[in-house]
Amino acid sequence: MVGIKNLNQERIVLMISILILIAASVGLSGFLNSANLISIVRSISVLGVLALGMAIVIIGRGIDLSMVAIMAMSVAWYLNLLGLGYSDYTALTLVILGVLAVGGLNGFLVAYADVPPIFVTLASGLFVFGYVRSQLITSDAVTVPPGHWLESLGQFRAVSIPADIFIFAGLCLASFLFLRFTKWGRYVYFAGDNPVAARIAGIPVRPMLVLRYVLSALFSFIAGLLTAASLLSINTRVVNSNLLYDVVLVTVIGGIGLSGGKGGVRNVLIGAIMIGILLNAMTIAGISLLFQNLIKAVILLLAIIFDGMVNPRDEQTTQQGDL
Amino acid sequence: MTFNERLKVWRYNILPFHVIGEILTKRWTDSAIPFVTLIVTVVAFGTVIPHFFSLYSLQESTRQLGEFSLVVIGESVVMLGGGIDLAVGAIFALSAFAAISVFFIFAMPVWVAFLAATAAGLIFGAINGYLIGYIRLRAFLTTLVTLIIGRAFFEILIVHFSSQAQMSQVSSDIWDFIGDGTVFGFSIPVLAAILLAVITHITLTRLRLGWHILAVGGSRRSAHNAGIQVRRVVFLTYVFSGLTSGMAGFLFATRLSGAGIGTGHGLEILALTAAVVGGNSLGGGRGSVVKGLMGAIIVLVMTNGLIRLGYGTGTNQMVIGILLAIAVTIDIRWLKNRHKVLDEAYVVPVYLKMGAAQSAVPGSGTPFEFNNQLSKAKSIGLKEIEGPEDVILDRDDHLYCGTRHGEIVRFFAPDYTRSEIFAHVGGFPLGLAFDRSGNLLSCVGAMGLYSISPDRVVKRLTAETGRSLTSVIDDAILRDPNDLDIAPDGRIYFTDSTKRYNAYDWMLDSIENRATGRLLVYDPKDGSTKTLLDGYRYTNGVCMAHDNKSLFFAETWACSVHRYWLEGPRAGTAECVIRDMPGYPDNINRASDGTYWMAFLGMRTPSFDLSLQHPAMRKRMTRRLPQDEWLFPNVNTGGVVKFDENYNIIRTMSDFAGEAHPSVTSMREHKGYLFVGGILNNRVGRIKIDGADENWSAIDAYWGTTS
Amino acid sequence: MIFDPILDLFRGKTITIPPLDGPFRANNTLEEAALFARLSSVDNLAVLNDRIIASSGDTLYAFDENGKAKMLQSYAANITALAVSPGNEWAVGLDTGELLIAGHQADLPPSVKCITALAFAQDGSLWMANGSTHHPPSAWVADLMEKNVSGSVWKGDPEGNNFRLISDKLAFPYGLLADNDGVVASESWRHRLVKIDGESGACRILVNHIPGYPSRLAPAPDGGAWLSVFAPRNRLIELVLQENAYRFDMMSRVPRDFWIAPALSSGRSFLEPLQCGSIKLMGIHKPWSPSRSCGMVVRLDAAMVPIDSFHSRANGTRHGTCSAVENGNRLFIAAKGDDALLTMNVSEAGGSQ
């Protein structure tokens, strides 16, 4: 039964993706053409950027539930500031400082106050949404001012491939190089696998934690910019939607374990591809949004059940407080 | 006393700062912060919102509170078991839909709707529980996924069936009553919440299932290794959470008679926040229903209050976010630092001015003058026993002593080279005495008063006394039973050295030097234990006087001996008969010539005596230095002192070089020999007393010879 | 951890002492060293005509290779400093503050009353350490407990006249080792060795954080030195040094021998302060327990860096090592707290054999 044991989540998902791809290209017309494939990739590029940031945090044994809030609210604030007449430079600087501050606060509370990341990021996400929505902007949706560079970014095409895909690919490559080939990327794995041993070995675990949350906040901001570029506005209602759960799904379904120390950019790509293909196939097949949510979630459930059965967690080695 | 000294006595001895530390040891201080937050929130919103406390307004707002509390109780139980349930929002919505559809669409009676709602919750909870408990998936991810599935299900169902439900004409008085009515002024949801809270609290604190839940949450691995069915317990917590969310959904349905796409949206975040703000610990194992309820009230009052005050979208989330962050940070920091705060606050040294003592230095010519007579004692059990605090001999001249391994060891007469373990008691057997029937009684440190029959059966006589009303710390527990003696009528007089410290940190008592030692009496006829005297600095040895009309007891840190009268005009009172000795007295026992032996555990040093007048310095010493570096009475030198009925010191024997018997805690005279033991020593010493009665033994002196 | 600077304002900084690690790693070498001679209160050592001379109280003795003592000279007060000049004359400082060189009394500045160390330079000039302006050498404990920093180092001509103040505000200079351009002095209360420039008097720290109270210095063949440490650093003593009320009370009401202060020997009287770690448990006095006294001799290399040390630990008796000199291939150590003059073989490099 060696084959079954080798079937970890990553491979299952890849197999499922291929199956859906085949099924969809065979059963659905209008699926297997270049425009549709490009739109698949485009639809997952925002999700993918978010998932990359989430992946970096999860590999380091954390989780960041504030990503969607930061994504939406930072860009909303930025656009609002532009609308109020601030110069692009000032507005961008202010917003980036804000994003860094929120990421830094997340990291600080997780690293130095020892608060579990779920609650820190949950709280900061709520706070960011609430504060910006009530104090800094006036409506749910904020539009991009005409003639802004975001507009041209959204319209950019090279070889008829939109800019978001390039940005996503670039970030993927950068993250891959960082995680695989740099010393600090390796440290992320060590800290995620066994934080106590990493600390004893001399790895600066806590500053690195702060860095990871700052990185994920920055990735959220970039994802928000991409959304604003393609939609020419940002709707803060997205914070209340399922987007956050979709991000977690994409990250986890590709095989990055929530207990940290494993996984990489490839897993994110696999997860994003599967979700992208699935969503696209379902949309073309005309399945309503409600059922799409259901199907997405059921597939994930099956995947993690299978992973739980094939790689069961041992009672003696699980960590206390491991949610 | 000078004015400065009076001031110091007032500041250090009378002002009860030590009570702060004692309060911090109590478990209910954990709830103090959430309780204060609760009061502040209710008062703040109550004053700002008009008519907040009017009966009708309260009834309406508490309806929602009741439903919310049900969900929070379920969430709390899941958290106590070490898990997390994010699916409660979906369960709530699905159960509400089940109730509405059964009642309005299928026109079934109310109780069927109730069953449908709770069944929906149970089934959903059981699915969660099965996945997390038995298949061992991660709680966070799994409930997240089931939440999405559940919400998707709910949205599909609502979109298809809500118009049908709304157009239904079905109505029922019971349905309306549950939704709008009150019983004794309480709305149904509130009553349901109170009932559930009581049941859950009893289960968690008194029933085995509740203890198992707390054990699994506290340390899952240990619970598993201890044999608890961890998977089943986890399964049941999720089932319970599903059940409570189902009930809450039913109550919601009766209240609003309808449901929409947004029903239960974000409920899981609110429930989580409420559970954590109330003080339930995040990793599991610590928390209670009361904490969950407090959190529910705080969160609901705050969110509803903000809405009623007119704050727009976003303010609610902002406030909830801040609340969650603060609550969680405080909870974690308190959890990690509680013992440090306790250490900082508990030791509150007193001011004490010791009286000048006679010198005990060799060559000083005082009756206390030390010598090397004890170094000539022959060793019994050298390196075989550890810590013989007290020694005693029976009618057959066999020697008994306690060891720090929790055993009573018997050495066989006449040469005491052969030994055996007489009984295993546990704890640290300290004082020893034989009663009329030949049972060996012992004060066992940290455990109580024990009796060992001649056939080695160990029985506990008493471990607690009456609780005094003025003590914050639970002083019914006998923390440090030290020595005992038995009166002719069988009553056992024994001492409990300190109320504030246990057998493992008794050194702190010498540094704090607070007078919490007691003399107690145990009556075997009715098994009662009574406190006779209180307020001594480390009561230690007890010895019945030769005429049995009074007893002597030692007050170690005060270096004095007291006499407590049992009969006569002064019965029931105690007086200090020897004071300001140069050493610290431990056990006191009878001598053969009508006098008494007293052991010196250690000697007074001028530096330590001076430090007793500097309580702040002693406190800083305990905070800034590790225990090994603390200043301590000199227990590297001890001895044996003999005194008579008129309290004159007759002779002193010691091991001045400190080789064989550095500190002496007990001595027993038996047929011309003196047997010497020390709690820090690894031997018993035997030395011949010149001129002593060679037929005298304590057990005969107490109980007469057997005929 | 990051809030420590704030919290320390309320709770006080932790008291730490340098650990006995590296070249200071604890051992039992001194405890096991051979006894050369019994000499009560043996304090100062020097080499005169290839023989060891030692001071015992107010008398100076010379020893042959077998440890037999011959009285050299007796003085009016206890000898507190001893040095031998290149011309084989010896200089002696007394507890009363007198300095005698080759028999005749030297002319001292009025502020010099506490001669703790003497050393002759290559050119014959005499370095002198004045430990304190408040107490004589025999009252060093009081000087430490008062936290005085009133010591000074002086330089005079070979006859012992015309002393010039080179450096002051030193915390009890207790040892001197002259070299080409100045002198190395041990500052006892600051637990360090300083290099004092002969011309300018500037001080430079050579060895810091010594885990004890350094005393006399003696040259070693390769240009290094032997440093004696007469008492260990003890955290309770360091706490008492920061507790002003208790300390002043203790100095005025408790006999000096029983202060919480370093001592040349300990454990002899039950009136001495005892710390929890020093309690004899099951007959064992732990070697690593906190102690008021210890024996320690440290070997420094040519750059004055410690490379090795010999100890007598808390459960030993050879404490109060005030002086150590090397003669031939043997090291002689004066353990004042044990009235013992010890000897050991040492190799060229400085390690013991």
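Okay, let's start in chain C, where 26 residues of domain 1 are in contact with 27 residues of domain 2. By contact I mean that the C-beta atoms of two residues, placed from the backbone, lie within 7 Å. Before I go on, this is a predicted model, where local features need pLDDT of at least 70, side-chain atom pairs count only at pLDDT 80 or more, and totals for chains, interfaces and linings use all residues. Residues are numbered from 1 along each chain as its sequence is written, while chains are lettered from A and ligands numbered from 1 in the order in which they are written.

So, which elements of chain C supply the domain 1 side of that contact? At least two residues each come from β2 (42-48), β18 (212-219), β19 (225-232) and α5 (244-253) of chain C. Those labels are DSSP runs numbered from the N terminus, with helices being H or I of at least four residues and strands E of at least two. On that side of domain 1 of chain C, β2(C) gives the most, with five residues. By class, the domain 1 side that touches domain 2 in chain C has 15 nonpolar, five polar and six charged residues. For the classes, Ala, Val, Leu, Ile, Met, Phe, Trp, Tyr, Cys and Pro count as nonpolar, Asp, Glu, Lys and Arg as charged, and the others, Gly among them, as polar.

As for the domains themselves, domain 1 of chain C covers 12-66 + 215-353 and domain 2 covers 78-209; bounds like these come from an automatic or database domain assignment. The C-alpha centres of those two domains of chain C are 20 Å apart.

Staying in chain C, there's an open sheet of four strands in the order β6-β7-β8-β9, paired antiparallel. Pairing here means DSSP finds at least two bridges between the two strands. Why do β6 (79-84) and β9 (104-105) of chain C each have one side without a neighbour in the sheet? Because they stand at the edges, each with a single partner strand. Strand β8 (residues 99-101) of chain C is joined to β9(C) by two bridges, and the two run antiparallel. If you want to find that spot on screen, look for C:L100, whose bridge partner in β9(C) is C:Q105.

Now over to chain B. Its domain assignment gives domain 1 (18-343) and domain 2 (373-463 + 477-703). How far apart do the C-alpha centres of those two domains of chain B lie? The answer is 57 Å.

Chain B also touches chain A, with 46 residues of B in contact with 43 residues of A. On the chain B side, α7 (139-166), α11 (220-225), α13 (267-277) and α15 (315-346) each supply at least two residues. The helix giving the most there is α15(B), with 15 residues. That side of chain B breaks down into 27 nonpolar, twelve polar and seven charged residues.

Two of those helices also pack on each other. The axes of α13(B) and α15(B) come within 9 Å and cross at roughly 40°, where axes are lines fitted to C-alpha atoms, for helices over the stretch in contact, and angles run from 0 to 180 degrees between N-to-C directions. From α13(B), the contact uses B:T273, B:V276 and B:V277, and on α15(B) the residues include B:I320, B:L323 and B:D331. In that contact of α13(B) with α15(B), seven residues are nonpolar, one is polar and one is charged.

A second helix pair in chain B is α9 (residues 188-206) and α12 (residues 230-256), with axes that come within 11 Å and cross at roughly 165°. That makes α9(B) roughly antiparallel to α12(B), since angles over 145 degrees get that label, with under 35 as roughly parallel, 65 to 115 as roughly perpendicular and the rest as oblique. The residues making this contact are B:I188, B:P189, B:A192 and B:L196 of α9(B), with B:T244, B:M247 and B:L251 of α12(B). The classes for α9(B) with α12(B) come out as six nonpolar, one polar and no charged residues.

Last stop, the strands of chain B. Here an open sheet of four strands runs in the order β4-β5-β6-β7, with antiparallel pairing, and the twist averages 25° from one strand to the next. Within it, β4(B) and strand β5 (residues 399-402) of chain B pair antiparallel over three bridges, and B:V391 stands opposite B:C401 in β5(B).
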